[in-house]
Amino acid sequence: MNAPLPYDRDALRIAAAEIIGNVRELAAAGWTPATSSNFSRRIDDQHAAITVSGRDKGRLTEDDIMVVDLDGNPVATDHRPSAETLLHTQLYKRFDDVGCILHTHSRNQTIASRLYAGAGSLRLEGYELLKAFHGNHTHETEIVVPVLPNSQDMHTLAAQVDCLLDRQPMWGYLIDGHGLYAWGRDMAEARRHLEAFEFLLDCELELRKLQR
Ligand SMILES: CSCCC(=O)C(=O)COP(=O)(O)O
Ligand SMILES: [Zn+2]
């Protein structure tokens with residue numbers, strides 16, 4: 001007989017369905033080119049469902065979603081989790097109320113990360129859409145989006161993210177030449193934050209062009 005799973009199988013099924021449906025739409029928008037991007041959903045206080053590394057994110061099936069513990073170790077599977085798993089699990093470990101993390105590689109996210117890498121951050125202010133971020137109730141506010149140097153060493157990146165989180169509350173960050181991480185308390189909130197970042201980055205890039 002198989003050993004009992006340390007997580008609830010139905011919780012995994014529900015999380016996988018949510019990831020598959022939402023990511024299909026993000027991929028159709030062109031935000032996950034060439035197998036890039038990764039996605040996860042907390043399933044309990046010790047486990048998250050996450051995309052298997054290297055899969056085509058526009059055609060995900062249940063076999064492309066696996067379980068990791070909050071140290072990023074695969075649980076009851078031979079699959080290899082996303083190469084960037086540590087950037088997901090560090091948030092689940094640190095914040096009990098983070099329930100979903102979405103990482104995409106859209107053109108706007110990638111171009112903005114290149115343009116603002118030198119400054120180390122990008123300031124978004126005066127936009128009505130800032131109210132899309134949890135806790136914001138007015139356009140008369142600002143959000144600073146940090147831009148981290150890219151690295152293939154996830155421990156290095158995770159340590160930099162931890163330093164930022166010690167200093168400021170945030171719902172996302174850019175990685176230079178790479179893409180955007182955004183998160184929320186559930187899928188709907190993470191997706192709202194991701195779409196708000198994408199829209200606001202698009203506005204900032206367009207304004208730069210018009211002001212040249
Ligand atoms: C071909 S994209 C390079 C890796 C990456 O940045 C990414 O988001 C996807 O990696 P994963 O291991 O999660 O498939
Ligand atoms: Zn990536």
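The crossing of helices α3 and α5 is left-handed. In this predicted model, α3 spans residues 107-116 and α5 spans residues 187-211, and the two helices pack at an angle of about 60°, with their axes 9 Å apart. Because an angle of that size falls under none of the ranges counted as roughly parallel, roughly antiparallel or roughly perpendicular, α3 is described as oblique to α5.

Helix α5 also packs against α1, here at an angle of about 15° and with the two axes 11 Å apart. Since angles under 35 degrees count as roughly parallel, α1 is therefore roughly parallel to α5. The handedness of this pair is right-handed, as α1 passes α5 in a right-handed crossing, whereas the crossing of α3 and α5 is left-handed.

The confidence of the prediction was considered alongside these arrangements. The mean pLDDT of the protein is 97, and 100% of its residues reach 70 or more. The model scores ipTM 0.99 and pTM 0.98. Where pLDDT is low, predicted coordinates should not be read in detail.

Empty space at the protein was examined next. Rolling a probe the size of a water molecule over the atoms shows where such space is left. The largest pocket has a volume of about 370 Å³. Its lining is made up of 21 residues, and those closest to the centre of the pocket are His134, Gln168, Pro169, Met170 and Trp171. Strand β6, which covers residues 142-148, supplies the largest share of this lining, with four residues. When the lining of the largest pocket is divided by residue character, 12 of its residues are nonpolar, five are polar and four are charged.

The second largest pocket has a volume of about 270 Å³. It is lined by 15 residues, and Tyr7, Leu12, Glu62, Ile65 and Met66 are the ones that lie nearest its centre. Two or more residues of this lining are given by each of the elements α1, at residues 9-28, and β3, at residues 65-69. Of the elements, α1 gives the most to the lining of the second largest pocket, with four residues. Helix α1 thus appears in two parts of this description, as it contributes to the lining of the second largest pocket and also packs with α5. By residue character, the lining of the second largest pocket divides into nine nonpolar, two polar and four charged residues.

Definitions and conventions: Residues numbered from 1 in each chain as written. Chains lettered and ligands numbered in written order. Predicted model: local features only at pLDDT ≥ 70, side-chain atom pairs only at ≥ 80, totals over all residues. Heavy atoms only, no water. 1 Å grid on protein atoms, 1.4 Å probe; cavity = no way out; pocket = protein on both sides within 12 Å on 5 of 7 lines; lining within 4 Å. Points joined across faces, edges and corners; volume = space filled by probe spheres on them. Nonpolar A, V, L, I, M, F, W, Y, C, P; charged D, E, K, R; others polar. pLDDT = per-residue confidence, 0-100. Axes fitted to C-alpha atoms, helices over the stretch in contact; angles between N-to-C directions. Parallel < 35°, antiparallel > 145°, perpendicular 65-115°, else oblique. Left-handed = near helix turned anticlockwise from the far one by under 90°.
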